Amino acid sequence: MTDLRIRTASVDDAASVLAFWEEAAEGTSITDDVDGVTRLIARDPEALILAEADGLLVGSVIAGYDGWRCSLYRLAVLPSHRRRGISAALLDAAEKRFVAAGGRRGDAMVLEANERAHRAWASAGYHREDHWRRWVKPFV
């Protein structure tokens, strides 16, 4: 897409990002609220990367780096804008961020049942590692 703009999110984007995820992302998270999104941006201002086309939010990815792991979450593209290279542009921005910070490998959180996402991640060069499992414990 030639009119695609990739940028980092600001705290002012929190509500629109949440509305976007309602339409474009699979699954929900305990941190899917304005407080969760603004905390992410306050802690790591470059982590939430957005894609816009003609002023419309059409894609997102969270590219979190803690100095040890490069973690990718919430890669999502508006259904009406899929298959136009938006996820590739978002991942390119995320990977450049990681490399510049010294990151060595990207780890993506992908829902087990989301076959469309499996194909998208595979086409971007990522592969599934079946020997790892996520263990979680909510604190609230």
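Is Val 140 buried or exposed?

## A nonpolar patch at the surface

In this predicted model, Val 140 has a relative accessible area of 88%, and because residues count as exposed when that value is over 50%, Val 140 is exposed. Val 140 lies in the segment that follows α4 (115-123), and together with Ile 30 and Phe 139 it forms a nonpolar patch on the surface, the three residues having about 450 Å² of accessible area together.

## The nonpolar core

Turning from the surface to the interior, the largest nonpolar core has 35 residues, and Trp 21, Leu 48 and Leu 72 are those with the most contacts inside it. Several elements each supply at least two residues of this core, including the helices α1 (14-24), α2 (34-43) and α3 (86-101) and the strands β2 (48-53), β3 (56-65) and β4 (70-77).

Leaving aside residues up to four places away in sequence, Leu 72 touches a number of residues, among them Val 61, Leu 91, Phe 98, Met 109 and Trp 121.

## Strand β4 and its neighbours

Six of the eight residues of β4 are buried, so this strand is largely enclosed by the rest of the structure. On one side of the pairing, β3 and β4 run antiparallel and are joined by six bridges, with Leu 72 in β4 serving as the bridge partner of Ala 63. The hairpin of β3 and β4 has four residues between the strands, and in this hairpin Gly 67 takes a positive phi near 90 degrees.

Strand β4 also pairs with β5 (residues 106-108), to which it runs parallel and is joined by three bridges; here Gly 106 in β5 is the bridge partner of Cys 70.

Key
Residues numbered from 1 in each chain as written. Predicted model: local features only at pLDDT ≥ 70, side-chain atom pairs only at ≥ 80, totals over all residues. Heavy atoms only, no water. Patch = residues over 30% accessible without salt bridge, like charges linked within 9 Å, V, L, I, M, F, W, Y side chains within 5 Å. Areas by Shrake-Rupley, 256 points an atom, 1.4 Å probe, with all protein chains shown as cover. Salt bridge = Lys/Arg side-chain N within 4 Å of Asp/Glu carboxyl O. Buried < 20%, exposed > 50% of the residue type's maximum accessible area, 1.4 Å probe, protein only. Core = buried A, V, L, I, M, F, W, Y, C linked by side-chain atoms within 4.5 Å. Contact = heavy atoms within 4.5 Å. Pairing = 2+ DSSP bridges.
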